[in-house]
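Grab a viewer and work through these exercises with the model open. Try each task yourself before you read its solution.

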Amino acid sequence: MKEIRDGPQANRMPKSAASDSNPLVLDVDDFKGDFSFDDLFGNLVTELLPSYLEKEADSSESHGNIVGIDALSNGNLRSNAGKSAQGLSSPLFPEVDALLSLFKNSSTQLVELKGQVDGKLNNLKKEVAVQDLKHRKTLAELEKGVDGLFGSFARLDSRISSVGHTAAKIGDHLQSADTQRESASQTIELIKYLMEFNRSPGDLTALSPLFTDDNRVAEAASIAQKLRSFADEDIGRQKTTVSSAVGNATSSKGLEVAISNLQEYCNELENRLLARFDAATQKHDLTRMGEYAKILSQFNRGTSAMQHYVGLRPMFDVEVMNADAKLVLGDEGAQPSPSNVAKGLSSMFKEITDTVRKEAATIAAVFPSPKDVMSILVQRVLEDRVPKLLEKLLQKPSLVNPPPMEEGGLVLYLRLLAVAYEKTQEFSKDLRSVGCGDLDVEGLTESLFLPHKDIYVECEQASLKQLYKAKMDELRSESQLSSESSGTIGRSKGASMALSNPEISVAVVTEFVRWNEEATSRCSLFSLQPATLAASVKVVFTCLLDQVSQYTTGGLERARDGLTEAAALREKHLLGTSVSRRVAAAAASAAENAAAAGESSFRSFMLAVQRCGSSVAILQQYFVNSLSRLLLPVDGAHAASSEEMATAMSRAENVACKGLQQCIETVMAEVERLLSTEQKATDYRSPDDGIIPDHRPTSACACVVAYLSRVLESAFTGLEGLNKQAFLTELGNRLHKALLNHWQKLTFNPSGGLRLKRDITEYGEYVRSFNAPQIDEKFEQLGIIANVFIVAPESLGPLFEGTPSIKKDAQRFIQLRDDYKSAKLASKLSSLWN
């Protein structure tokens, strides 16, 4: 369509030309590419619409006004619109005819184009069908041809494979033949060289230039080693082949001469090479060193060269080892300390590690097998340099005559052993990281300490015993100095007991535990297996149990001796009934001194018991926190140690029980003394003279309660748990019994009965602090029994009707009434008691 393609040109054509002189012609090419119907339509009507658009704009404005008027006049606009239409001289849309003609022409052309396109499509379909049939026939023929080609290629590939296999076999045969030829040629050469060495023993003058030329030493060494191998194999075959004795003897003799000469030549050549290797080493010529090391590797795999190189290292000189000893041990004759030794070992091992690391770089650049050389170097370090230092540092002590504590004792040896072992283990790990080939560094390091570890547990036992003995000697010296300064030495048996059994101190027991904890840490360091560790820990813990048991038992025994001395003083000053007043006064003063001694010994024993309990608690806590985890992995170890601990502590417990019994005896002796001295016969027989009765407790009661309050204060703080309950219960029973026996010696009137009840109330209120219900009950019953002194005789019968359990004690108390005989109470109450 020329008009559409022209675009702007069609728009500039006159209207008449567009509609009349140039009819629209549409072409199929107009619909190719990016076709747009809107563009097509726009190009068709562009020439006709501009004038219409202008008129349409004017008519739209006037039409809007008309609509407004129509809306305002309610329908009157129609007549006005009709009048306006009549006045118009031209049609409203004059381009409509041209557009209709244009659209009809375009529609006709589009229909014709559609028919043309449909015809072309039908022709194309027929042509495609014909070409598709031809293509299918061609493909079928090609498939047949390709199948034939595949078959030909398969036959060809099979033929090629067969030919290649045959060629490979031929190549293998040729290679084998060439190898055999070369081997035969080499064998002939070796036999020629072997004949040169087979002439006479020690004759090396007529050898080939190969064996005398210094520039061909590598080749000579290789040939010499091959000759030795060849000769050794030939002798081996002759020994296993059955042949004539003469033939064997002759052949062996010749080969033995060759082997002897070869060995002599190889030794001479190896020495020459080692000399050159040493010269290159002095110059630090790594290239020449590597060449000679490679040649020397043919002699015994280079072992002699590797050992020779390692042996000449400056790190193994005597001066260096002496410097090690001075660095670690300090000045000669000085006692080494573990901390200084640890620093010295760290410095020494760091220096050796740095040296080995530098040597490793040289060895890697020189030797064909650097791992083997490193293995020899590290082995030399662990078998030469380290053991010589350990020999000076760790001198195995005698367990029969151990070194004295002034020189450090066994514990110094053990501490140095632990430091050396730990630092050497770290050193072996550093060497392993640097590189040591296939050497078992850990096993070699462990073997250095085997002589010490064999007696380690026995040393720990002896060391702990030595420490304990030294501590006890120190405590005895301090006790002796204290006694001398106070002027009490030699005054009594207690002074000598104080020297043999010092007072119990929790700090001392804590020190025992610290020793044991240190020993246990060494056990963990030296014992790698759980079973071995558990056995060592058990032995060490047994030493601690013995120490704590001996120490606490001795301290309790010393405290018991104080109670025994106080009891002896009381027995010494007991008086008969008929003595003078002066003697009685002196005895009373001595008894008071004995009572003061008893009270002091009571407090001392309670303090000892308290410290003993604290010591046992520290021991148990240490066992649970530190040892249980080491013993539990082994069946029965934990239970056995627990039982052993209970057995050891039972010895101290037995002494404590005996001492507590003595404490009760001491307290009751003083209670009985106070009752006998302070209680007056008239305390419970106040005259009935109308005077207001005294409601205060008697002097004896006040003294006894005051004494008990004062002396038992240490028992309340020193005892705990069941021990405290058992002690106070027993003391309460003894007090109850002592009061009954004391009151059996007195007589009571009604006023005295009231005062007795007041005393019983005082005793009862005090014993409530014992927290012993059965003791409280007994004193409550005493208060009931005391009523027998208050009621009238005729009221005694009904008094105990509801309490049959106290009738027996009531009978004895009734007999203490001052009117028992005058009122003839025995006959009156006989029917009641029966």
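**Exercise 1. Find which residues line the largest cavity, and sort them by helix and by character.**

Step 1. The lining consists of Val 411, Arg 415, Glu 460, Ser 463, Leu 464, Leu 467, Trp 515, Glu 518 and Arg 522. Here a cavity is a set of points on a 1 Å grid over the protein atoms alone where a 1.4 Å probe fits but cannot get out, and lining residues have an atom within 4 Å of a point. This is a predicted model, so local features need pLDDT of at least 70 and side-chain atom pairs count only at pLDDT 80 or more, while totals for chains, interfaces and linings use all residues. Residues are numbered from 1 along each chain as its sequence is written, and side-chain values use heavy atoms, with hydrogens and water left out.

Step 2. Now the helices: α15 (409–434), α18 (456–486) and α20 (506–526) each give at least two residues to this lining. Helices are DSSP runs of H or I, at least four residues, numbered from the N terminus. The largest share, four residues, comes from α18.

Step 3. By character, the lining splits into four nonpolar, one polar and four charged residues. For this sorting, Ala, Val, Leu, Ile, Met, Phe, Trp, Tyr, Cys and Pro count as nonpolar, Asp, Glu, Lys and Arg as charged, and the others, Gly among them, as polar.

Step 4. How much space lies in the largest cavity? About 30 Å³, where the volume is the space filled by probe spheres set on the points, with grid points joined across faces, edges and corners. The count comes to one cavity of 30 Å³ or more.

**Exercise 2. Work out which residues are linked in a network of salt bridges, then look at some separate pairs.**

Step 1. The network links Arg 415, Glu 460, Glu 518 and Arg 522. Each of these four also turns up in the cavity lining. A salt bridge here is a side-chain nitrogen of Lys or Arg within 4 Å of a carboxyl oxygen of Asp or Glu.

Step 2. Go along α18 to Lys 471 and Glu 474, which both lie in that helix, three residues apart, about one turn. They form a salt bridge with the closest N and O atoms 3.8 Å apart. Lys 471 is buried because its relative accessibility is 12%, whereas Glu 474 is partly exposed at 37%. Buried means under 20% relative accessible area, exposed over 50%, and partly exposed in between (1.4 Å probe, protein chains only).

Step 3. Next, Arg 603 and Glu 599 meet in a salt bridge at 2.6 Å, N to O. They sit four residues apart in helix α22 (residues 581–631), so about one helical turn separates them. Arg 603 is partly exposed at 33%, and Glu 599 is buried at 11%.

Step 4. Finish with Asp 819 and Arg 817, whose closest N and O atoms are 2.9 Å apart in their salt bridge. Both residues are buried. The count for the model comes to 29 salt bridges.

**Exercise 3. Take Ser 536 and Leu 545 in α21: is each buried or exposed, and what are their C-alpha distances to Cys 523 and Val 616?**

Step 1. Ser 536 is found in α21 (residues 530–572). With a relative accessible area of 5%, Ser 536 is buried. Its C-alpha lies 6.3 Å from that of Cys 523, 13 residues away along the chain.

Step 2. Leu 545 lies in α21 too, and it is buried at 1%. From Leu 545 to Val 616 it's 71 residues in sequence but 9.8 Å in space, C-alpha to C-alpha.

**Exercise 4. Check the loops: which phi values do His 284 and Asn 771 have?**

Step 1. His 284 has a positive phi of about 55° although it isn't a glycine. His 284 belongs to the loop between α9 (245–283) and α10, and it counts as exposed at 52%.

Step 2. Asn 771, also not a glycine, has a positive phi near 55°. Asn 771 is in the loop between α27 (750–767) and α28 (773–785), and at 63% it counts as exposed.

Conventions. On a 1 Å grid over the protein atoms alone, a cavity is a set of points where a 1.4 Å probe fits but cannot get out, and a pocket is an open set with protein on both sides within 12 Å along at least five of seven lines; lining residues have an atom within 4 Å of a point.
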